[in-house]
Amino acid sequence: MRPTWDIFCRVIDNYGDIGVTWRLARQLVAEHDQAVRLWVDDPRAFCRLCPQANSQDAMQIHQGVAVHQWPSEWQPVSTADVVIEAFGCELPDAYVDAMAQRARSSLWLNLEYLSAETWVDGCHGLPSLQPRGLHKFFFFPGFTPRTGGLLRENELIAQRQRFQQDPAARVAFLKHLGVTPEPNARLISLFAYENPALASWLEALANSTQPVQLLVPEGRIIADLARWLGLDELAPGDLHRRDALTVQVLPFVSQDDYDRLLWSCDFNAVRGEDSFVRAQWAGRPLLWQLYPQQQEAHLDKLDAFLTRYGKGLSVTTNAALQAQWQAWNRGEDMQASWQALQHAWPELSAEAENWCQQQAEQTNMAAALVQFYLNWL
Ligand code: TRH
């Protein structure tokens, strides 16, 4: 009998919660032959990442994963061998009762948000006592061997490298998105929340000596982009030029196509959690916008990641990178830091690949979860 897994996901806002859980669910099926149900309270968000899905279906199977609508009125179901509560989403009471009555215990895990902070090493895998005599374990993704690692499919890095070594594949993929890469242009993708720093970055890009093509999937940054262009609105397919800068709005694509977009670009601006990790696997320089938290807790997370990532860079390049990421996350002027980074481009590109290879040496998160279960048995 294959071990059974229930993964619970509440879509708070944005796509990170469903992005991480859907990616994890399909990897557990494809690479570990586990039987996985994914419970999601808002199937519309799931449909954006998996366009073949139907938001009206109470249950549907995609890539071997049984995707269930998490009903507001919970109906009793059999409990699973491993239960993942993603990002503290709180399981239905009746499900927890059923876990407490199970003949063989379920392994109950809370999957936490990603952070590079050092305290994560000491908290990963700790149990906490729950009502009804149950235990819940905290599972932290992360960047060191003492954490649960990062989501990465076994063949991902090899697939990405094959794609990047095949210029025709890149052109064909971009064409399918309606993008014609201009010769000598630097291709940049932009996935971001609203950001007052955007206008200054766009100025810097428009004043570049090299042409820049900026590809922007539709989403929260579009209004800021339209404002800078002097437009009321923007829609997928729209293309506008300002000096050296061409801006093109793209439709929101499937998760797999989003990977290919990151692989196709010379530089990727990403946000949140999942796109941030995928941009690291793309092996290209990146710019991260964190999900803003109360009391600016996200700025500690930013510092913690920069401390790790900056170790592979020279002092001057590290200073330029820190200045750029801080400006982007604090809504400050980006022009000076973007200019400074231009001198460091070869070093920055080499380090992006280095960092990717270093991180890829760690056990990936799906494999770490399966191992955690086997150790627990
Ligand atoms: O959407 P996000 O901002 O999600 C955030 C973060 O996870 C944050 O930590 C969390 O607290 C908050 O949600 C609630 O960014 P993230 O994590 O990068 O998720 C975006 C997902 O969308 C990711 O799986 C990639 C995917 N995506 C596509 O599939 N197609 C696209 O065209 C784009 C732009 C993204």
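**The ligand-binding site**

In this predicted model, α1 (16–32), α9 (255–264) and α10 (274–281) each contribute at least two residues to the shell around the ligand; helices are DSSP runs (H or I, at least four residues) numbered from the N terminus. With 3 residues, α1 gives the most to this shell. Local features need pLDDT of at least 70 and side-chain atom pairs pLDDT 80 or more, whereas totals for chains, interfaces and linings use all residues. Residues are numbered from 1 along each chain as its sequence is written, and side-chain values use heavy atoms, without hydrogens and water.

The ligand is surrounded by 22 residues, each having a heavy atom within 4 Å of it; Y193, V253, R271, D274 and S275 are the closest. The shell comprises 10 nonpolar, 7 polar and 5 charged residues, with Gly counted as polar and Tyr as nonpolar. Because domain 1 (4–150 + 362–376) and domain 2 (156–360) both give residues to the shell, the ligand lies between them; the domain bounds come from an automatic or database assignment.

Backbone N or O atoms also approach the ligand: that of V253 lies 2.6 Å from a ligand nitrogen atom, while those of Y15 and G16 lie 2.8 Å and 2.9 Å, respectively, from a ligand oxygen atom. Taken alone, the ligand exposes 700 Å², of which the protein buries 97% (Shrake-Rupley method, 1.4 Å probe).

Technical notes. Polar contact = N/O pair within 3.5 Å; in protein donor to acceptor, adjacent residues only side chain to side chain.
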